[in-house]
Amino acid sequence: MKTVDKIMTTKVVTVFETATFSEVKKIFDNHHFHHIPVLDFDNKLKGIISKEDLAKASYLLTLKTTGKTYTQKEFDYISAKDMMSVYPVFLTPDDEIDLAADGFLSNKMHALPILDDGRLIGIVTTHDLLRYAFTEMRTGVYSG
């Protein structure tokens with residue numbers, strides 16, 4: 001069986017826990033991915049922010065504030081730590097791909113951070129898994 005290090009994305013955009021709502025939104029606006037791992041200043045994984053988490057934070061803020069200008073200013077006081085899903089579930093590079101698939105199916109997750117000795121080295125998403133499965137079905141060979 002193949003391991004997740006063969007299909008994971010290794011160029012992972014991350015934010016620190018102190019990143020503001022506006023900074024996180026800008027990253028999502030400029031990229032096509034749906035999850036951003038959140039690190040502390042020791043580069044340890046603390047959580048993950050999905051586009052859904054960002055939308056929920058925005059909605060909750062607009063319920064508590066009035067006026068566009070005030071709401072916009074409040075976005076700079078919401079940090080990544082406030083929005084993130086605490087994400088203790090992760091895989092290691094030598095975990096098998098079917099373990100990632102099981103995690104996605106049984107926990108309704110869409111991204112799993114890959115840690116090696118406590119450090120984030122990649123992420124596997126449902127997109128990575130689908131690309132792998134599609135390539136395997138068509139060719140029997142996966143080149144990453």
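**Exercise 1. Find the surroundings of His35 in this predicted model, and decide whether His35 is buried or exposed.**

Solution. Begin with the contacts: leaving out residues up to four places away in sequence, His35 touches Phe28, Ile48, Ile49, Ser50, His110 and Ala111. Next, place the residue in the fold, where His35 turns out to belong to strand β2. Finally, compare its accessibility with the cut-off: a residue is called buried when its relative accessible area is under 20%, and His35, at 17%, therefore counts as buried.

**Exercise 2. Which residues does Phe28 touch, apart from those up to four places away in sequence, and how far is its C-alpha atom from that of Ser50?**

Solution. The first step is to locate Phe28, which sits in helix α1. The second step is to list its partners, which are Phe33, His34, His35, Ile36, Ile49, Ser50, Lys51 and Leu54. The third step is to take one of these partners, Ser50, and to look at the spacing: Phe28 and Ser50 are 22 residues apart along the chain, while their C-alpha atoms are separated by 9.1 Å. The last step concerns accessibility, and since the relative accessible area of Phe28 is 3%, this residue is buried.

**Exercise 3. Describe the position and the contacts of Thr20.**

Solution. Looking along the chain, one finds Thr20 in the loop that runs between β1 (15-16) and α1 (21-30). Although Thr20 is part of a loop, its relative accessibility is 16%, and so Thr20 counts as buried. When neighbours within four places in sequence are set aside, the residues in contact with Thr20 are Phe75, Asp76, Ile78 and Ser79.

**Exercise 4. How many salt bridges does the model contain, and how exposed are the residues that form them?**

Solution. The count comes to three salt bridges, and each can be treated in turn.

- Step 1: the side chains of Lys6 and Asp5 meet with a distance of 3.6 Å from N to O. Lys6 is partly exposed, with a relative accessible area of 48%, and Asp5 is likewise partly exposed, with a value of 33%.
- Step 2: Lys25 and Asp29 form a salt bridge with a distance of 2.9 Å from N to O. Both residues lie in helix α1, four residues apart, which is about one turn of the helix. Lys25, at 35%, is partly exposed, whereas Asp29 has a relative accessibility of 52% and counts as exposed.
- Step 3: Arg131 and Asp128 form a salt bridge with a distance of 2.7 Å from N to O. These two residues both belong to helix α6 and are three residues apart, again about one turn of the helix. Arg131 is partly exposed at 35%, but Asp128, at 2%, counts as buried.

**Exercise 5. What is the volume of the largest pocket, and which element gives the most to its lining?**

Solution. Start with the idea behind the search: rolling a probe the size of a water molecule over the atoms shows where empty space is left. In this model, the largest pocket holds about 330 Å³ of space. Its lining consists of 16 residues, and those nearest its centre are Thr9, Phe33, His34, Ile123 and Thr125. Two or more lining residues come from each of β2 (35-39), β5 (119-125) and α6 (126-139). Among the elements, α6 gives the most, with four residues.

**Exercise 6. Which residues form a nonpolar patch on the surface, and is Leu63 buried or exposed?**

Solution. The patch is formed by Tyr59, Leu60 and Leu63, which together have about 330 Å² of accessible area. Leu63 lies in helix α2, which covers residues 51-64. Exposed means over 50% relative accessible area, so Leu63, with 55%, counts as exposed.

**Exercise 7. Summarise the protein as a whole: how many helices and strands does it have, and what share of its residues is buried?**

Solution. First, count the elements, which are six helices and five strands. Second, read their order from the N terminus on, which is β-α-β-β-α-α-α-α-β-β-α. Third, turn to burial: of the 144 residues, 40% are buried. Fourth, consider the surface, since the protein exposes about 9000 Å², with carbon and sulfur atoms supplying 55% of that area. Last, among contacts between residues at least 6 apart in sequence, 56% join residues at least 24 apart.

Notes. Residues are numbered from 1 along each chain as its sequence is written. This is a predicted model: local features need pLDDT of at least 70, side-chain atom pairs count only at pLDDT 80 or more; totals for chains, interfaces and linings use all residues. Side-chain values use heavy atoms; hydrogens and water are left out. Buried means under 20% relative accessible area, exposed over 50%, partly exposed in between (1.4 Å probe, protein chains only). Contact means heavy atoms within 4.5 Å. Patches are made of residues with over 30% relative accessible area and no salt bridge: like charges are joined within 9 Å, nonpolar side chains (Val, Leu, Ile, Met, Phe, Trp, Tyr) within 5 Å. Accessible areas come from the Shrake-Rupley method with a 1.4 Å probe; for residues, only the protein chains shown count as cover. A salt bridge is a side-chain nitrogen of Lys or Arg within 4 Å of a carboxyl oxygen of Asp or Glu. On a 1 Å grid over the protein atoms alone, a cavity is a set of points where a 1.4 Å probe fits but cannot get out, and a pocket is an open set with protein on both sides within 12 Å along at least five of seven lines; lining residues have an atom within 4 Å of a point. Grid points are joined across faces, edges and corners, and a volume is the space filled by probe spheres set on the points.
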